[in-house]
Protein chains: 2
Amino acid sequence: MSEILRDQFQKIIAIQPEEFDYILGHFTYKKFKKHQFLVQDGQHVTFDYFLLSGCVKSYYSDENGKMHILLFALKDWWITDYEAYYYQKNAIVNIDCLEDTEVLCLSNDNREKLCREFHQIEHFFRKKTNRRNVALQNRILSLLSSSAKQRYEKFLLEYPSLVQKLPKHILASYLGVSRETLSRLYSTK
Amino acid sequence: MSEILRDQFQKIIAIQPEEFDYILGHFTYKKFKKHQFLVQDGQHVTFDYFLLSGCVKSYYSDENGKMHILLFALKDWWITDYEAYYYQKNAIVNIDCLEDTEVLCLSNDNREKLCREFHQIEHFFRKKTNRRNVALQNRILSLLSSSAKQRYEKFLLEYPSLVQKLPKHILASYLGVSRETLSRLYSTK
């Protein structure tokens, strides 16, 4: 399944087969069951996760135990708690699996090593990080948007393949609306 | 004032004086008055802005004309509408000056050129973009936090030098609280 990663590299940079094999050697493969955690609030974060299959959500639990969803990730997306990952802090968010999920794991040390060794890899990760910036800015705009309809439309733009797949109460939570409001939004599409 | 930029580069990468002069040649200097715009909603975004002095806010105006503040930027921060800047779209947000502000402007073409020419510059911008990711994730967490007190405390962590400087109604808007609630938060510090 590593071709999913190779394809993503090749969309951004030129990479030789032997280079890709070397790079892939810095990743480890892991399989998680539905409901298992990639990242847990308060714990050390070793890896950035590249999804080979499945679907995960990242969320924040407030002091009353209420879950606030930040983002989802699907096949060929990267996800972790980046503050914890980059700066060796404990995680503030949780990331768990909405279905069985396979990932390639990259430690921050290996990421920095690859970036030092290959200018092209540094370029690749800069571009991916730019893209994540945009996703995060859009999430902020979605949270600030006044209407549930706008938030729903932003969601459709950002995660077109996710809308049918996601449990309705999770999607409602992400959008910050009741399930009844969500049903109304569905029916007007 | 270009030493502010040089100092920021030198915190992350080793850079020779003649290299820095070459890099600086890819920036242009601009001065904005209080209330002027760096970026306007609906317009083309040419530059990423590195602040030499002053203070700006980025905000989104919803369909009812209500202003929602995303982020602030101060001396030695970078700011623009990154989706518009990276992907040649029109801006969704506005960025205007809370006081007279001097900036160095970098076009996306020049950013990409410098990143191609110097592996170190690519490294620098990757690291800065990582940092921005964390700021954006923290902004999301601030918006999702249930209590105004938590939002205020996150703000103090992120912008320690800004709290005394900012008009109270702007800070209240950023925190999503009334001015009365903000006064209460101040008085308990």
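This report walks through how chains A and B of a predicted model meet, and then looks at its salt bridges and cysteines.

## Where the two chains meet

Let's start with the interface. On chain A, 43 residues are in contact with chain B, and chain B brings 43 residues of its own. Put the two chains together and about 4100 Å² of area gets buried, with carbon and sulfur atoms giving 56% of that. The contact also has a polar side: 24 residue pairs are in polar contact between chain A and chain B, counting pairs where both residues have pLDDT 80 or more.

Which parts of chain A touch chain B? Strand 5 (67-74), helix 3 (82-87), helix 4 (108-117) and helix 5 (119-144) each supply at least two residues. Helix 5 of chain A gives the most, with 20 residues. Sorted by type, the touching side of chain A has 17 nonpolar, 13 polar and 13 charged residues.

## A closer look at Glu122

If you want one residue to follow in the viewer, try Glu122(A). You'll find Glu122(A) in helix 5 of chain A. Is Glu122(A) buried or exposed? Its relative accessible area is 1%, so Glu122(A) is buried.

Leaving aside residues up to four places away in sequence, Glu122(A) touches Cys115(A) plus four residues of chain B: His119(B), Glu122(B), His123(B) and Arg126(B). With His119(B), the side chain of Glu122(A) makes a polar contact of 2.9 Å. Glu122(A) is also part of a network of salt bridges that links it with Glu112(A), Arg126(B) and Lys127(B).

## Salt bridges across and within chains

Side chains of opposite charge can pair when their charged atoms come close. Over all chains, the structure holds 20 salt bridges, and 6 salt bridges are found across the interface of chain A and chain B. One that spans the two chains joins Glu122(B) and Arg126(A), at 2.7 Å from N to O.

Other salt bridges stay inside a chain. Lys113(A) pairs with Glu117(A), their closest N and O atoms being 3.3 Å apart. These two sit 4 residues apart in helix 4 of chain A, so about one helical turn separates them. Both are partly exposed: Lys113(A) at 25% relative accessibility, Glu117(A) at 39%. Chain B has a pair spaced by about one turn too, namely Glu153(B) and Lys149(B), 4 residues apart in helix 6 (residues 148-158). The closest N and O atoms of Glu153(B) and Lys149(B) are 3.3 Å apart, and Glu153(B) is partly exposed at 30%. Back in chain A, Arg6(A) and Asp7(A) meet in a salt bridge of 3.6 Å. Arg6(A) is partly exposed at 33%, and so is Asp7(A) at 37%.

## Cysteines without disulfides

How many disulfides are there over all chains? The count comes to 0. Take Cys97(A): the closest cysteine sulfur belongs to Cys55(A) and lies 8.9 Å away, so the two are too far apart for a bond. Cys97(A) is buried, with a relative accessible area of 2%.

Cys115(A) has no disulfide either, and its nearest cysteine sulfur is across in the other chain, in Cys115(B), 12 Å away. Cys115(A) is buried as well, at 1% relative accessibility. You've met this cysteine already, among the residues that Glu122(A) touches.

Terms used:
Residues are numbered from 1 along each chain as its sequence is written. Chains are lettered from A and ligands numbered from 1 in the order in which they are written. This is a predicted model: local features need pLDDT of at least 70, side-chain atom pairs count only at pLDDT 80 or more; totals for chains, interfaces and linings use all residues. Side-chain values use heavy atoms; hydrogens and water are left out. Contact means heavy atoms within 4.5 Å. Buried area is the accessible area (1.4 Å probe) that two parts lose on being put together, summed over both. A salt bridge is a side-chain nitrogen of Lys or Arg within 4 Å of a carboxyl oxygen of Asp or Glu. A polar contact is a pair of N or O atoms within 3.5 Å; within protein, one must be able to donate a hydrogen and the other to accept it, and residues adjacent in sequence count only if both atoms are side-chain atoms. Ala, Val, Leu, Ile, Met, Phe, Trp, Tyr, Cys and Pro count as nonpolar, Asp, Glu, Lys and Arg as charged, and the others, Gly among them, as polar. A disulfide is a pair of cysteine sulfur atoms within 2.5 Å. Buried means under 20% relative accessible area, exposed over 50%, partly exposed in between (1.4 Å probe, protein chains only).
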